[in-house]
Amino acid sequence: PQGKIRALTKWASAFEEAHGRPPRVYVDALSADPSLVPEERLAHMPVYLSRAHRLLVLAGPGLADSLWCAVELYLWRALGNRLEDVDVAVIPPAAHLHGAAHADEHSQALVSAFDT
């Protein structure tokens, strides 16, 4: 959790510096109805994504292995959104919390290479 908190804090600080206000963030994992099964959450995902202006990917070591993240990025593009509107906040592996430059480049490259 510390890696996620650090990545999100770093991203939020950069956003506030660039836009002069703190970001407004909808966290689907925290806001989704917990009684829904994954298939139902997946069915609702286009509705949530269609209301967003930007997409934030908290990219940890398992990003490339996550089918959920791939579907979310696919839907983002299928809804006509641009990859330029995807922000990536890198969650470095726990052993590398202080040296995330390489992990950041790798995660940015994964998102940039994503094509529908």
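**Note on the predicted model: helix H4, the cores and an aromatic pair**

1. The buried residues of helix H4 are Glu-72, Leu-73, Leu-75 and Trp-76. Viewed down the axis of H4, these buried residues fall within an arc of 160°, so they line one face of the helix. It should be kept in mind throughout that this is a predicted model.

2. The partners of that face can be named. The buried residues of H4 pack against two helices, H2 (28-31) and H3 (38-50), and against two strands, S1 (55-59) and S2 (86-90).

3. The length of H4 may be checked by simple reasoning. The helix comprises 12 residues, 67-78, and at 1.5 Å a residue these should span 16 Å; the end C-alpha atoms are 16 Å apart, so the expectation and the model agree. After H4 comes Gly-80, which has a positive phi, near 90°.

4. The setting of H4 is the chain as a whole. The protein chain contains five helices and two strands, and from the N terminus on its elements follow the order α-α-α-β-α-β-α. Of its 116 residues, 26% count as buried. Among contacts with a separation of 6 or more, 66% are between residues 24 or more positions apart. The accessible surface of the chain is about 8000 Å², and carbon and sulfur atoms hold 57% of it.

5. Which residues of the largest nonpolar core touch the most other members? They are Leu-49, Leu-55, Val-57 and Val-86, in a core of 13 residues. Elements H3, S1, H4 and S2 each give two or more residues to this core. Apart from it lies another core, of five residues, including Ala-7, Trp-11, Ala-89 and Ile-91. As general background, nonpolar side chains in soluble globular proteins tend to be buried together.

6. Val-57 merits individual inspection. Leaving aside residues up to four places away in sequence, Val-57 touches Leu-63, Leu-73, Val-86, Asp-87, Val-88 and Ala-89. Leu-73 is also one of the buried residues of H4.

7. The count of aromatic pairs comes to one. The ring centres of Trp-11 and Phe-15 are 5.6 Å apart and the planes meet at 40°; because this angle is neither under 30 degrees nor over 60, the pair is tilted. Both residues lie in helix H1 (residues 2-19), four residues apart, or about one turn of the helix. In general, an α-helix has 3.6 residues a turn, so residues three or four places apart point the same way.

8. Are the two members of this pair buried or exposed? Trp-11 is buried, at a relative accessible area of 14%, and Phe-15 is buried too, at 12%. Both values fall under the 20% cut-off, which is why the residues count as buried.

Methods:
Residues are numbered from 1 along each chain as its sequence is written. This is a predicted model: local features need pLDDT of at least 70, side-chain atom pairs count only at pLDDT 80 or more; totals for chains, interfaces and linings use all residues. Side-chain values use heavy atoms; hydrogens and water are left out. The expected span of a helix is 1.5 Å times one less than its number of residues. Buried means under 20% relative accessible area, exposed over 50%, partly exposed in between (1.4 Å probe, protein chains only). The arc is that of the directions from the helix axis to the C-beta atoms. Contact means heavy atoms within 4.5 Å. Rings of Phe, Tyr and Trp (its six-membered ring) pair if their centres lie within 6.5 Å; planes under 30 degrees apart count as stacked, over 60 as edge-to-face and the rest as tilted. Accessible areas come from the Shrake-Rupley method with a 1.4 Å probe; for residues, only the protein chains shown count as cover. A nonpolar core is a set of buried Ala, Val, Leu, Ile, Met, Phe, Trp, Tyr and Cys residues joined through side-chain atoms within 4.5 Å.
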